[in-house]
Amino acid sequence: MRALALVLLCSAAAVRAETPVAQLPLPCDSKEQEIAPNGAAVAVRCADGTLQLLAVPSGRQLQHFPAEPKRTGIAFSPDGRQLAIGYWSGKVRVVATSGEGAAREWHASDHRIQGLRFLPGGELLVVPLGRDTQVWRLASAPRLLASLPSGFAEATAVALSADGKLLVAATGDTELRFYDTQSWKQVRSYRGLVLESFDVAFTHDQAQLLVGGADKQITVLDAATGALVRTLPRRDDVVGQLFPLNDGDSVVATYFDADGKRPPYLVLWSLRTATAQPLAGSREPTFTGLVGGELWFASSAQGGTLDIWKR
Amino acid sequence: MRRPLHRRELLENCLALGTLTLVSPLSMGGLSEAWAASEQRRTTPFGELGPFYKRGAPASNVLRAEGDPGMPLALSGVVFGTGGEVLVEAKVEVWQTDHAGHYDIDGFRYRAVLAADANGKYAVDSVVPGHYPGRVAQHVHYLVTAPGYKPLTTQLYFATDPVFDGDPARNFHRDPLIASAELVRPVMIESDPKTVHARVQFDLVLEKA
Ligand SMILES: [Fe+2]
């Protein structure tokens with residue numbers, strides 16, 4: 001749920017394999033973008049505080065959101081057709097990316113919205129700052145389905161199994177909570193971590209759960225039992241994001257320096273061999289994410305255009 | 001453990017001992033309620049927990065080691081409930097960066113769990129934390145718990161932080177994460193022949209669960 005700007009590390013041993021996807025004219029000065037999971041739209045956060053939604057690859061403007069009221073985060077639905085926007089005021093707004101139809105808007109909390117995440121069934125997870133995670137059903141008028149306890153802090157990351165039946169939430173109290181999404185009851189927890197997790201992700205075969213965060217390592221848990229399987233070798237920096245790839249073995253992890261003094265970088269892990277190699281690129285990405293199971297990047301560093309590529 | 005007297009008990013004791021004469025038009029019950037109302041405290045404003053909270057911090061009132069750089073800081077306060085009652089069973093967990101703005105995430109430097117004393121008071125010896133990239137103001141993180149009360153996460157800020165330009169009431173918004181000017185506390189600078197140190201009082205108020 002945390003967006004990180006990334007810089008690719010150049011190294012002789014680094015992996016390089018890039019395929020261009022699109023080049024769009026940028027409507028504004030922007031250092032942060034988010035590409036929809038279907039690859040058909042990109043949300044561009046402009047330096048002036050506005051948010052522009054553009055079609056990929058045409059660059060046609062789909063939606064425009066003003067700088068006020070202040071947004072805190074956005075999330076695309078898995079099919080890329082909806083965009084949820086969270087606000088400082090605790091308001092949530094859901095719009096069709098096409099701009100068609102009426103927006104749904106409601107006040108979810110008195111606290112600012114820290115995170116949003118669509119579930120495949122059409123529900124929306126809403127994470128207000130310092131509060132329990134809310135599950136909203138979006139069919140017709142938004143309705144609160146469940147409120148998932150998050151200890152003394154909010155959820156920092158969530159992962160959903162591919163069949164949509166199991167939700168795992170990492171919370172600020174360092175616990176991992178596993179929920180059955182039919183009943184929204186907690187079915188198990190993992191308390192073996194002492195620092196916050198910044199990302200959780202299921203492996204491609206859904207058998208394992210990967211957890212990364214301030215402890216500078218990737219923890220592998222059995223998804224069915226929540227038991228610790230192993231930890232991958234610890235590095236010098238904090239794990240920010242985890243992207244398990246379709247081959248079932250590779251995981252791309254972003255790392256950042258906790259003191260914010262060194263640039264972030266990407267590492268490609270093999271789960272089978274527990275070995276890592278830097279993942280190099282020719283440009284500094286301003287977006288890294290999974291689109292259709294592939295790792296996509298965007299970069300606005302060239303000025304005036306947004307380059308999108310995949311590896 | 002010493003139990004603080006309830007207001008009504010205290011009034012009755014005073015009346016019985018002849019140390020209090022009711023001259024108020026209010027009855028004993030009314031007087032007790034008025035007193036209670038005057039002692040009502042507002043819950044301490046919320047502050048973010050993360051991102052570098054670490055579970056399992058040691059119980060220690062001394063965070064500053066001999067020779068640590070930075071201005072020594074004596075931080076203390078009392079933990080109350082919103083009814084003004086002192087919370088003698090409160091636990092106050094604090095964590096902060098060192099003088100240079102670095103969080104120890106490998107160990108537990110500048111992290112501690114403090115137990116409130118019989119008067120609900122906590123105290124810790126530390127240094128004024130540094131600034132770090134990504135946060136505007138110097139701060140100390142707090143997680144406060146007490147049986148029967150909702151946990152509180154908050155942050156303490158320093159009125160002397162240059163970012164406030166000497167006017168925290170007006171400028172506290174310069175750090176967008178500061179929810180209230182109430183969290184920016186005055187800093188007393190004290191000196192003796194050997195050292196100069198900062199003293200900050202930060203009382204905490206929890207809401208009943
Ligand atoms: Fe902090």
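Which side chains meet in a salt bridge with A:Lys216? The answer is B:Asp106, with 3.0 Å from N to O.

Before the close-ups, some ground rules: this is a predicted model, where local features need pLDDT of at least 70, side-chain atom pairs count only at pLDDT 80 or more, and totals for chains, interfaces and linings use all residues. Residues are numbered from 1 along each chain as its sequence is written, chains are lettered from A and ligands numbered from 1 in the order in which they are written, and side-chain values use heavy atoms, with hydrogens and water left out.

**Figure 1. A salt bridge crosses from chain B to chain A.** The bridge you just met (a side-chain nitrogen of Lys or Arg within 4 Å of a carboxyl oxygen of Asp or Glu) starts at B:Asp106 in the loop between E2 and E3 of chain B. Its other end, A:Lys216, sits in the loop between strand E19 (208-213) and strand E20 (218-222) of chain A. Strands here are DSSP runs (E, at least two residues), and helices are too (H or I, at least four), both numbered from the N terminus. B:Asp106 is partly exposed at 48% relative accessible area, while A:Lys216 is buried at 10%. (Buried means under 20%, exposed over 50%, and partly exposed in between, using a 1.4 Å probe and protein chains only.)

**Figure 2. Here is where chain B and chain A touch.** The contact (heavy atoms within 4.5 Å) takes 21 residues from chain B and 28 from chain A. Together the two chains bury about 1,900 Å², with 58% of it on carbon and sulfur atoms. That buried area is the accessible area (1.4 Å probe) that two parts lose on being put together, summed over both. The count of salt bridges between these chains is three.

**Figure 3. A:Arg191 and A:Glu175 pair up inside chain A.** Their side chains meet in a salt bridge at 2.9 Å, N to O. A:Arg191 lies in the loop between strand E17 (185-190) and strand E18 (197-202), and A:Glu175 in the loop between strand E15 (166-171) and strand E16 (176-180), so the pair ties together parts 16 residues apart in sequence. A:Arg191 is partly exposed at 46%, but A:Glu175 is buried at 10%. Salt bridges that share partners join A:Asp173, A:Glu175, A:Arg177 and A:Arg191 into one network. Over all chains, the structure holds 25 salt bridges.

**Figure 4. Two rings stack in chain A: A:Phe297 and A:Trp309.** A pair of aromatic rings is described by the distance of the centres and the angle of the planes. For this pair, those values are 5.6 Å centre to centre and 20 degrees between the planes. (Rings of Phe, Tyr and Trp, the last by its six-membered ring, pair if their centres lie within 6.5 Å; planes under 30 degrees apart count as stacked, over 60 as edge-to-face and the rest as tilted.) A:Phe297 lies in strand E27 (residues 294-299) and A:Trp309 in strand E28 (residues 305-310), so the pair ties together parts 12 residues apart in sequence. Both rings belong to buried residues: A:Phe297 has a relative accessible area of 4%, and A:Trp309 has 2%.

**Figure 5. A ring cluster spans residues of both chains, and charges sit over rings in chain B.** Ring pairs link A:Phe198, A:Phe256, B:Phe52, B:Tyr103 and B:Tyr132 into a cluster. Elsewhere, B:Arg41 lies over the face of B:Phe80, at 3.6 Å from the ring centre. The charged end of B:Lys54 sits over the ring of B:Phe108, 4.2 Å from its centre. (To count, NZ of Lys or CZ of Arg must be within 6 Å of the ring centre and within 35 degrees of the ring normal.)

**Figure 6. The largest nonpolar core has 38 residues.** Such a core is a set of buried Ala, Val, Leu, Ile, Met, Phe, Trp, Tyr and Cys residues joined through side-chain atoms within 4.5 Å. B:Val79, B:Val92, B:Tyr142 and B:Leu204 touch the most other members. The largest share, four residues, comes from E6(B). Leaving aside neighbours within four places in sequence, the contacts of B:Val92 include B:Val79, B:Ala112, B:Tyr142 and B:Leu204. Of the 209 residues of chain B, 47% count as buried.
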